[in-house]
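Here are a few short exercises on how secondary-structure elements pack. Have a look at the structure first, then work through each one step by step.

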Amino acid sequence: MEKMPHWVDVIVIPLINILLAFIVAGLVVFAIGENPFDMVYYMVKGALGSTNGIGYTLYYTTNYIFTGLAFAVAMHAKLFNIGGEGQAGLGGIGAALVLLAVPWPHWTLALPFAVLGAGLFGAAWAAVPAYLQAKRGSHIVITTIMFNFIAGALAIYLLNGALKKPGQQAAETRHFGEGAHLPTFHEMLSPFGIEFSKSAPANFSFVLALIAAVFVWVLIWRTRLGYELRAFGNSASATAYAGISSVRVTIIAMLISGGLAGLLAINVVMGEAERLILNFVEGAGFMGIAVALMGRNHPFGIILAAFLFGMLNQGGFELMWEMPGISREMVFVIQALIIIFTGALVHMTRDPIERMFIRMSKRSA
Amino acid sequence: MTAQQHSGRPDAAAPAIELRGISKAFGPVQANKDISIRVMPGTIHGIIGENGAGKSTLMSILYGFYKADAGEIFINGTKTEIPDSQAAIAAGIGMVFQHFKLVQNFSVLENVVLGAEDGAMLRPSLAKARSSLTELAAEYELHVDPDAIVEELSVGHQQRVEILKALYRQADILILDEPTGVLTPAEADQLFRILDRLREEGKTIILITHKLREIMEITDTVSVMRRGEMTATVKTSETSPEQLAELMVGRKVLLRVDKTVAQPGTPVLEVKNLRLVDEQGVERLKGFDLTLRKGEILGVAGVAGNGQSELLEVLGGYADATGEALLNGARLPLSGAGADGRSRRNAGIAHVPEDRQNEGLIMDFMAWENVAFGYHHDSAYQKNALFIDNVGIQKEAEAKMQRFDVRPPNPKLRAKNFSGGNQQKIVVAREIESKPDVLLIGQPTRGVDIGAIEFIHQQIINLRDQGVAILLVSVELDEIFSLSDRIAVMFDGKLMGERMPEETNEKELGLLMAGVNEKVA
């Protein structure tokens with residue numbers, strides 16, 4: 001036995017890291033004079049204690065699944081796509097254009113086109129950095145970051161001009177209309193006699209996110225394109241030898257990545273706000289990086305990590321209500337600690353635990 | 001640890017290095033098992049063994065890179081702890097690595113001083129080093145211009161800088177790891193003269209190599225390692241290459257390849273006036289010509305870095321060049337559309353690249369994924385229009401691994417977990433079984449153990465006998481001689497000359513490889 005069992009690596013270690021993060025966060029909370037156990041209690045209760053809380057948690061989870069998958073697909077080709085934020089923003093514009101253009105009769109009709117619009121706009125926003133990386137060698141980290149700013153500016157421009165609802169001050173479009181309304185969890189579950197909070201924003205997009213995760217899994221591990229993507233991500237020199245075009249792989253990987261990020265808009269713009277508003281991505285694009293990191297770029301891991309981050313987000317909001325001593329910034333600190341422990345410091349726990357397992361297996365052998 | 005250890009030997013009878021019972025495990029892998037060795041001062045001691053036998057681990061322990069799990073190190077009779085390389089240097093041990101550790105854009109002097117500066121200001125250190133280099137050059141005939149920039153030096157001279165670095169740090173014991181891998185035969189001879197001279201001056205040298213010929217030529221004693229154990233230590237004068245090979249592998253080994261006379265047929269691949277300028281603007285191929293016939297092995301000899309790699313890259317479809325190329329009479333594109341690895345494979349050119357770790361294999365992919373690599377578009381590997389046939393490829397990989405004796409024959413093991421020889425067998429199996437018209441094969445046995453070398457050579461000969469045209473590029477003259485039906489020598493991006501193996505010798509090829517054509521001179 002040369003390594004520890006796989007399940008330890010993917011399950012036990014993340015759990016230990018989360019625990020460590022909470023211990024350190026607890027110390028911080030303790031240091032500002034609050035009760036750390038209350039903190040954990042209110043966070044978990046806020047995230048999972050009611051169907052309303054769960055509804056919010058799943059709503060955020062949906063966002064993180066999309067952006068986590070987006071980051072992971074690019075990462076399999078070793079492309080560091082930090083542009084999820086901007087690509088999601090463009091996805092919102094794409095979805096809004098589709099939903100505003102036609103008075104949709106029913107959401108089942110509107111959804112495929114909205115997906116297309118959001119995906120294509122997100123993909124198109126990723127295409128430019130991809131092209132610059134593939135053909136010009138402009139580093140994708142730099143260009144995607146810059147494109148986030150351009151996307152933000154573009155949204156402001158459009159929402160103050162062409163897309164703005166006539167006769168009002170707010171920078172937002174008009175309501176998409178009833179025909180574009182996605183079923184919420186309340187509407188989906190009540191036919192089965194399950195009571196779910198009416199006000200929770202979780203909607204059909206969650207199902208779409210799960211489908212996207214399956215799609216990514218199949219793409220990466222079952223198709224020739226996924227094979228080429230992973231090969232390129234592992235060794236660019238070997239793919240050149242094999243005759244796999246680096247330009248093609250780079251551009252396709254980024255298009256898929258951008259498209260997935262764009263789908264976030266289905267959840268937020270179409271599912272929740274039902275109109276395009278400013279800054280609707282709210283950092284989910286960046287959070288996707290942490291989600292993918294923690295989920296080891298595997299769709300299943302991403303779903304779990306997205307759920308954890310969804311809980312943190314929702315639990316954090318509730319925490320602010322329940323414990324006035326803990327500010328919004330404090331919640332960020334707690335979330336950041338978790339990201340640091342599960343992402344950046346993963347080897348701190350991984351290596352000693354691996355050694356421990358090898359020692360144990362030696363003794364039993 | 002005192003200074004007396006590298007000023008004279010307190011006890012002339014004590015070995016310069018003695019290792020007692022050294023053991024080292026990496027996880028469950030026992031890299032060194034209870035190794036004891038005595039190296040007498042003023043001798044050259046060879047260590048040979050297959051890849052993965054534990055030579056490098058042993059030397060890394062001696063140089064302080066690894067800590068042994070058990071065992072003791074005695075330097076000149078004194079028990080010494082070597083926790084890091086600083087301690088090794090202080091104990092008078094110097095190491096010349098296979099891949100030089102030089103700052104390319106520094107001068108020789110700056111490289112020698114690097115890490116051994118006396119103070120914050122550089123000037124006094126440099127002045128001291130300059131005078132010391134002059135002395136060393138005179139004493140050991142190690143002449144290098146101290147102001148030359150390292151990247152402008154030949155490989156042989158760069159190696160001298162490495163030796164000078166060690167001597168400047170007052171090393172009495174020099175460890176050389178595969179020192180001749182990158183040298184021309186002439187440069188290797190010069191190195192051996194230097195080593196001879198160092199021995200005469202009382203230095204102790206440990207030479208790690210896999211070349212039996214070098215062991216026989218220069219060492220006084222030789223230790224053989226196999227699977228982490230020291231299987232024998234013998235006086236070189238009392239052994240033979242055959243015996244050493246047997247000790248290394250654990251069974252009798254054929255050192256020469258059995259082959260019949262080639263029956264060359266019609267030309268398959270014709271290349272004319274091949275030119276390539278690399279990204280730095282350096283011309284790597286300067287009008288290279290070549291004709292390759294059916295059923296022959298054309299061996300391309302040359303010192304590494306004279307355009308052979310670029311030749312393979314161009315023919316393999318992943319470097320652009322100008323010139324003309326015909327494959328079976330049809331034009332073969334050398335740049336742009338159709339000049340890629342996939343088109344080459346479709347045209348019948350298979351390629352075992354020089355660098356299996358960075359080109360031939362994806363080290364993090366499992367063996368079966370690597371078996372399809374480059375051929376993943378083949379219809380046999382598709383399940384349907386959408387999906388790749390993972391299960392089918394796994395079965396195919398398992399069969400290939402059986403046929404080519406890849407150990408362990410487990411298609412789900414990652415490439416990086418196989419030994420060098422078995423990695424190479426995976427690549428060779430994939431390329432040979434694609435049934436090519438032309439096989440390009442670069443350094444087929446670099447870093448491959450003797451047992452696997454024998455096997456791979458036999459596969460190449462068999463392929464030739466089936467009528468495949470084979471272009472063999474190797475920096476190992478032994479390999480060129482034992483496989484080639486015709487030898488082309490490359491120097492500075494050009495063809496220096498062609499020879500038939502039975503009508504030439506190492507000396508003549510060595511001169512050609514160094515750019516000297518006696519017919520011209």
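**Exercise 1.** In which hand, left or right, does H5(A) pass H6(A) in their crossing?

*Solution.* Keep in mind that this is a predicted model. Start with the geometry: helix H5 (residues 107-136) and helix H6 (residues 140-159) of chain A have axes that come within 9 Å and cross at roughly 150 degrees. Next, the sense: angles over 145 degrees count as roughly antiparallel, so H5(A) and H6(A) are roughly antiparallel to each other. Finally, the hand: the crossing of H5(A) past H6(A) is right-handed.

**Exercise 2.** Work out which residues of H5(A) and H6(A) meet, and sort the contact by class.

*Solution.* On the H5(A) side, take Trp125(A), Val128(A), Pro129(A), Leu132(A) and Gln133(A). They meet Ile140(A), Thr143(A), Thr144(A), Phe147(A) and Ala151(A) of H6(A). Sorting the contact by class gives 7 nonpolar and 3 polar residues, with no charged ones.

**Exercise 3.** Lay out the open sheet of 4 strands in chain B, find its edges, and place helix H9 against it.

*Solution.* First, write the order: E12-E11-E14-E15 in chain B, with antiparallel pairing. Then check the ends: strands E12 (283-293) and E15 (330-331) of chain B each have a single partner strand, so one side of each lacks a neighbour in the sheet. Now zoom in on one pair: strand E14 (residues 322-327) of chain B joins E15(B) through 2 bridges in the antiparallel sense, and Leu327(B) has Ala330(B) in E15(B) as its bridge partner. Last, add the helix: H9 (residues 308-316) of chain B packs on the sheet and touches E11 (267-277) and E12 of chain B. The direction of H9 makes about 65 degrees with that of E12(B).

How values were computed:
Residues numbered from 1 in each chain as written. Chains lettered and ligands numbered in written order. Predicted model: local features only at pLDDT ≥ 70, side-chain atom pairs only at ≥ 80, totals over all residues. Axes fitted to C-alpha atoms, helices over the stretch in contact; angles between N-to-C directions. Parallel < 35°, antiparallel > 145°, perpendicular 65-115°, else oblique. Left-handed = near helix turned anticlockwise from the far one by under 90°. Contact = placed C-beta atoms within 7 Å. Nonpolar A, V, L, I, M, F, W, Y, C, P; charged D, E, K, R; others polar. Pairing = 2+ DSSP bridges.
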